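Grab a pencil and open the viewer. Below is a set of short exercises, each with a solution worked out step by step.

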Amino acid sequence: GYTGRVGPYELLHVNSSVADAIQAKKSTEEIELIAVENGMITLKAYTVSLISDQVTTISELRKISNMDT
C-alpha cells in the first residue's frame with residue numbers, strides 16, 4: 001500500500017543566479033545545472049535517496065525517468 005510512502009518532488013528556488021540564467025534565456029539544462037550548483041536536489045537524486053530510505057519505490061523512479069526522455 002501507500003501508507004508511510006513519500007512522493008518525490010523537486011523544488012526550484014529562484015535565487016539571483018537562477019533568475020539571471022532565466023533572464024538570459026539559457027537552456028533548461030543550463031538553468032538546472034546552475035540550480036544544482038546552488039543546492040537544488042534534482043527529482044531523480046531525491047527519488048534515489050527516498051528509495052535508499054525505503055520510503056518510496058523503484059516504480060516511482062521509473063515513472064519520473066520516463067519524463068526525461
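The exercises go through two helix pairs, a charged pair, a buried residue and two loop residues.

**Ground rules.** This is a predicted model, where local features need pLDDT of at least 70, side-chain atom pairs count only at pLDDT 80 or more, and totals for chains, interfaces and linings use all residues. Numbering runs from 1 along each chain as its sequence is written, and side-chain values use heavy atoms, with hydrogens and water left out.

**Exercise 1.** Work out how helices α1 and α2 are oriented relative to each other, and which residues meet.

*Solution.*
- Start with the elements: α1 covers residues 16–23 and α2 covers residues 28–37. Helices here are DSSP runs (H or I, at least four residues), numbered from the N terminus.
- Next, the geometry: the two axes come within 9 Å and cross at roughly 170°. Axes are lines fitted to C-alpha atoms over the stretch in contact, with angles from 0 to 180 degrees between N-to-C directions.
- So α1 and α2 are roughly antiparallel (the label for angles over 145 degrees).
- Now the contacts (heavy atoms within 4.5 Å): Ser17, Val18, Ala21 and Ile22 of α1 meet Ile31, Ile34 and Ala35 of α2.
- Sort them by class and you get six nonpolar residues, one polar and no charged. Ala, Val, Leu, Ile, Met, Phe, Trp, Tyr, Cys and Pro count as nonpolar, Asp, Glu, Lys and Arg as charged, and the others, Gly among them, as polar.

**Exercise 2.** Zoom in on Ala35 and decide whether Ala35 is buried or exposed.

*Solution.*
- Ala35 sits in α2.
- Its relative accessibility is 4%, so Ala35 counts as buried (buried is under 20% relative accessible area, exposed over 50%, partly exposed in between, with a 1.4 Å probe and protein chains only).
- Skipping neighbours within four places in sequence, Ala35 touches Leu12, Val18 and Met40.
- Take Val18: 17 residues away from Ala35 in sequence, with the two C-alpha atoms 6.2 Å apart.

**Exercise 3.** Do the same job for α3 and α4: find their relative direction and the residues that meet.

*Solution.*
- α3 spans residues 43–52 and α4 spans 58–65; they pack at about 170°, axes 9 Å apart.
- That angle makes α3 roughly antiparallel to α4.
- On the α3 side you'll find Leu43, Lys44, Thr47, Val48 and Ile51, meeting Ile58, Glu60, Leu61, Ile64 and Ser65 of α4.
- The class tally for this contact is six nonpolar, two polar and two charged residues.

**Exercise 4.** Track down the salt bridge and say where its partners lie.

*Solution.*
- The structure holds one salt bridge (a side-chain nitrogen of Lys or Arg within 4 Å of a carboxyl oxygen of Asp or Glu).
- Lys63 pairs with Glu60, and their closest N and O atoms are 3.2 Å apart.
- Because the two are three residues apart in helix α4, about one helical turn separates Lys63 and Glu60.
- Glu60 has company further off in sequence too: beyond four places, Glu60 contacts Pro8 and Thr47.

**Exercise 5.** Which loops hold Lys25 and Gln54? Check their phi angles as well.

*Solution.*
- Background first: most residues other than glycine have a negative phi.
- Lys25, in the loop between α1 and α2, has a positive phi of about 55°.
- Gln54, in the loop between α3 and α4, has a positive phi near 60°.
- For accessibility, Lys25 counts as exposed because its relative value is 75%, and Gln54 counts as exposed because its value is 65%.

Note on methods: Parallel < 35°, antiparallel > 145°, perpendicular 65-115°, else oblique.
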